[in-house]
Amino acid sequence: VQSSFSIMLKSFIQKNCSKIVLVCVLSYIVFFSFVTFKKFDNFRYFDYDLATYGQLFWELLRGKTYLSIIEMNPWGNHFTPIILLLLPIYALFQAPKTLLFIQTVFFASGALPVYLLAKKNVDKIFGLVFVFAYLLYPALAYVNLFEFHPNALAIPFLLFAIYYFEHKEFKKFFIFSLL
């Protein structure tokens, strides 16, 4: 026999799944932004990726493309056109922390298509379980804490592409696949 508390809790979760997902996403953004900013402030980034991309954004805003860190044009090293889409945001807040924040927001936003896919294929509560699993996945945390990588920003785009493919909305699928 279920207690009245467990019935009320299940009812509350059923009614507020979308809000709980939003709280989870925002909590992930706040927590990992704080941790990555602290890591940056304490000189704990040892690889050169964050520095390279920080310089790339800085130089692009000034009309230049040569990177002294890698001594070459960045488009010959890794072709990552998403940088051009992120450039206006970086123009507003010109600091390496902006790149860390953008990456955190992208990773957290991947929870939305995960929830929508699980909700469609199973139910709301399992959708919430999958959101927890996604946001607590150690590999996601590791990538988020290890420098800045524009390639990793593909995660939410690919998840949304899968979601729209499942819904047979092929125009949106193509757009997210292209992104």
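**Exercise 1.** In this predicted model, work out how helices α2 and α8 are oriented relative to each other.

*Solution.* Begin with the axes: those of α2, which spans residues 17–41, and of α8 come within 10 Å and cross at roughly 45°. Next, compare that angle with the cut-offs, under which angles below 35 degrees count as roughly parallel and those from 65 to 115 as roughly perpendicular. The value fits neither class, and α2 and α8 are therefore oblique to each other. Finally, the hand of the crossing of α2 and α8 is right-handed.

**Exercise 2.** Find which residues of α2 and α8 meet, and state how they divide by character.

*Solution.* On the α2 side, the residues are Tyr28, Phe32, Val35, Thr36 and Lys39, and they meet Leu140, Ala141, Asn144 and Leu145 in α8. Sorted by character, the residues of this contact comprise six nonpolar, two polar and one charged.

**Exercise 3.** Locate Glu147 and Lys168, describe the phi of each, and decide whether each is buried or exposed.

*Solution.* Start with the general expectation that most residues other than glycine have a negative phi. Glu147, which is not a glycine, nevertheless has a positive phi near 60°, and it lies in the loop between α8 (138–145) and α9 (154–166). Lys168, also not a glycine, has a positive phi of about 55°, and it lies in the loop between α9 and α10 (170–178).

For the last step, buried means under 20% relative accessible area and exposed means over 50%. Glu147 has a relative accessible area of 2%, so it is buried, whereas Lys168 has 62%, so it is exposed.

Key. Residues are numbered from 1 along each chain as its sequence is written. This is a predicted model: local features need pLDDT of at least 70, side-chain atom pairs count only at pLDDT 80 or more; totals for chains, interfaces and linings use all residues. Side-chain values use heavy atoms; hydrogens and water are left out. Helices (H or I, at least four residues) and strands (E, at least two) are DSSP runs, numbered from the N terminus. Buried means under 20% relative accessible area, exposed over 50%, partly exposed in between (1.4 Å probe, protein chains only). Axes are lines fitted to C-alpha atoms, for helices over the stretch in contact, and angles run from 0 to 180 degrees between N-to-C directions. Angles under 35 degrees count as roughly parallel, over 145 as roughly antiparallel, 65 to 115 as roughly perpendicular and the rest as oblique. A crossing is left-handed if the near helix is turned anticlockwise from the far one by less than a right angle, and right-handed if clockwise. Contact means heavy atoms within 4.5 Å. Ala, Val, Leu, Ile, Met, Phe, Trp, Tyr, Cys and Pro count as nonpolar, Asp, Glu, Lys and Arg as charged, and the others, Gly among them, as polar.
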